[in-house]
Amino acid sequence: MTRPHLATTVLRDGAGPPLVLLHGFPLDLRMWRPVAEALPAGIRVIGVDLPGQGHSDLDHLPPSLDAAADAVHATLRAQGEGNAVVVGLSMGGYVALALAERHGDFVHGLGLVDTKATADTPEARDNRRKIARDVEDTQTVDAVRGMPAKLLGPTSELERRALYPTVDHWIRSQSPTGVAWAQRAMAARPDRTAALADFDGPVAVVVGAEDDITPVDDARHMVEAARHGVLTVVPNAGHLTALEEPAAVAKALADLHHRAAHG
C-alpha cells in the first residue's frame, strides 16, 4: 500500500513534542490557525492536511481512516517526530483515534474535538456513500456546499456571520475526489470505544454546547470510556468550536499538552 507524504505546516514554533492538529470534513488544516494563534508560547504546533484534502494527495490510497492514520504517522516520523500529542476535530478525531489504536507509542496525548468514538448508523453510512457518488458524478463539491449551516451553531449564525463565507471558501477549494474518498473512509470506520478505553495517556474531549452533529452525549460517552479523560463543553459553539471559540479550545489543548508532558 502506498502511503502518501502528507502536506504539513508548522502553525506555531516551540520546543518539545508537537501538538499535531487534524482537521474536520470537508476542510483542511487552515481551520486550526485561530487555535494555534491562541495557544501559549512555547508549544510547537503542526497542522496536517489529511489524504486528498487541502494540499495532500491520495496516491491511490484506499478509502480508509486506518490508512489515513498510517499516512499521518509515516509523514511525521519521516520529519523526525518521535511522539506527539494528537488532536482531531470531527473526521480528524476519527483519524486521531485510529492513530492511538495503531501507533500508541507515538501518541502521548489525545484530543477529541467535536467528534465521537462510535461508528456511523446504517442510515448515516448510506448517506455518506450517496454523497460520494454525487460528488464523483458531478465532479463538483456542490453536494457538501450547504455544510456551513450545519457545522456552525446558532450563536455563530447570529454573531459570527463572517465565518460562513470563510468555511464555504474552504469547502469549494477541496477536490471532489478527496471529498468522495473522505466520505467513504468515514462510512467504513469501526466503533473505536474499546481503543479509547485501552489508551493510557491523557485525553481531552471538547464539544460545542450547540453541536448537533456530535452532541454533548457523544462527548460524555468518550470521557466515560477514557482512563484519563477531561471534558470541556464550550458555550455558544456548534460543530466547529476551533473556529467559533478558538480561545476555549486552545485552553483545553494547552492543558492536554501539559498533562502529556508532565504526567
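1. A quick word on names before the loops come up: helices (H or I, at least four residues) and strands (E, at least two) are DSSP runs, numbered from the N terminus. Keep in mind, too, that this is a predicted model.

2. With that in hand, have a look at P26, which is placed in the loop between β2 (14-22) and α1 (33-38). The peptide bond leading into P26 from F25 is cis, with omega near 0°.

3. Two backbone spots deserve a glance for their phi values. D59 isn't a glycine, yet its phi is positive, near 50°. You'll find D59 in the loop between β3 (42-48) and α2 (65-78), and it counts as partly exposed because its relative accessibility is 35%, between the 20% and 50% cut-offs. S90, also not a glycine, has a positive phi of about 55°. This residue belongs to the loop between β4 (84-89) and α3. S90 has 10% relative accessibility, so it counts as buried.

4. Just past α3 comes H103, in the loop that runs between α3 (91-102) and β5 (107-113). Is H103 buried or exposed? Buried, because its relative accessibility is 14%, and the cut-off is under 20%. Setting aside residues up to four places away in sequence, H103 touches A69, D70, H73 and A98.

5. Now the inside. The largest nonpolar core has 89 residues, and those touching the most other members are L22, W32, L110, L196 and L253. Helix α3 gives the most to this core, with eight residues. If you want one residue to click on, try L196: beyond its neighbours within four places in sequence, it contacts L97, L110, L112, A117, V203, M222, A225 and A226.

6. Helix α10 (residues 216-225) ties in nicely here. Its buried residues include M222 and A225, both of which are among the contacts of L196. V216 and A219 of α10 are buried as well. The elements that the buried residues of α10 pack against are β5, α9 (193-198), β6 (203-208) and β7 (229-234).

7. Over in helix α12 (residues 246-262) sits A254. A254 counts as buried because its relative accessibility is 15%. Apart from residues up to four places away in sequence, A254 touches L39, P40 and I43. A124, on the other hand, is 33 Å from A254, C-alpha to C-alpha, with their positions 130 residues apart in sequence.

8. On to the aromatic rings. How many aromatic pairs are counted? Zero. There are charges over rings, though: the charged end of R189 sits over the ring of Y94, 3.8 Å from its centre. R161 lies over the face of Y164, 4.1 Å from the ring centre.

9. What about enclosed space? Searching the whole structure turns up one cavity of 30 Å³ or more. The largest cavity has a volume of about 40 Å³. Y94 and R189 appear again in its lining, along with L97, K116, A117, T118, P190 and R192.

10. Last, the open space. The largest pocket has a volume of about 500 Å³. Of the 20 residues lining it, N127, R128, M147, Q183 and I213 are the closest to its centre. Which helices each supply at least two residues of that lining? They are α4 (122-138), α5 (147-151) and α8 (176-187). The largest share, four residues, comes from α4.

Technical notes:
Residues numbered from 1 in each chain as written. Predicted model: local features only at pLDDT ≥ 70, side-chain atom pairs only at ≥ 80, totals over all residues. Heavy atoms only, no water. Buried < 20%, exposed > 50% of the residue type's maximum accessible area, 1.4 Å probe, protein only. Contact = heavy atoms within 4.5 Å. Phe/Tyr/Trp six-rings, centres within 6.5 Å; stacked < 30°, edge-to-face > 60°. Lys NZ or Arg CZ within 6 Å of the ring centre and 35° of its normal. Core = buried A, V, L, I, M, F, W, Y, C linked by side-chain atoms within 4.5 Å. 1 Å grid on protein atoms, 1.4 Å probe; cavity = no way out; pocket = protein on both sides within 12 Å on 5 of 7 lines; lining within 4 Å. Points joined across faces, edges and corners; volume = space filled by probe spheres on them.
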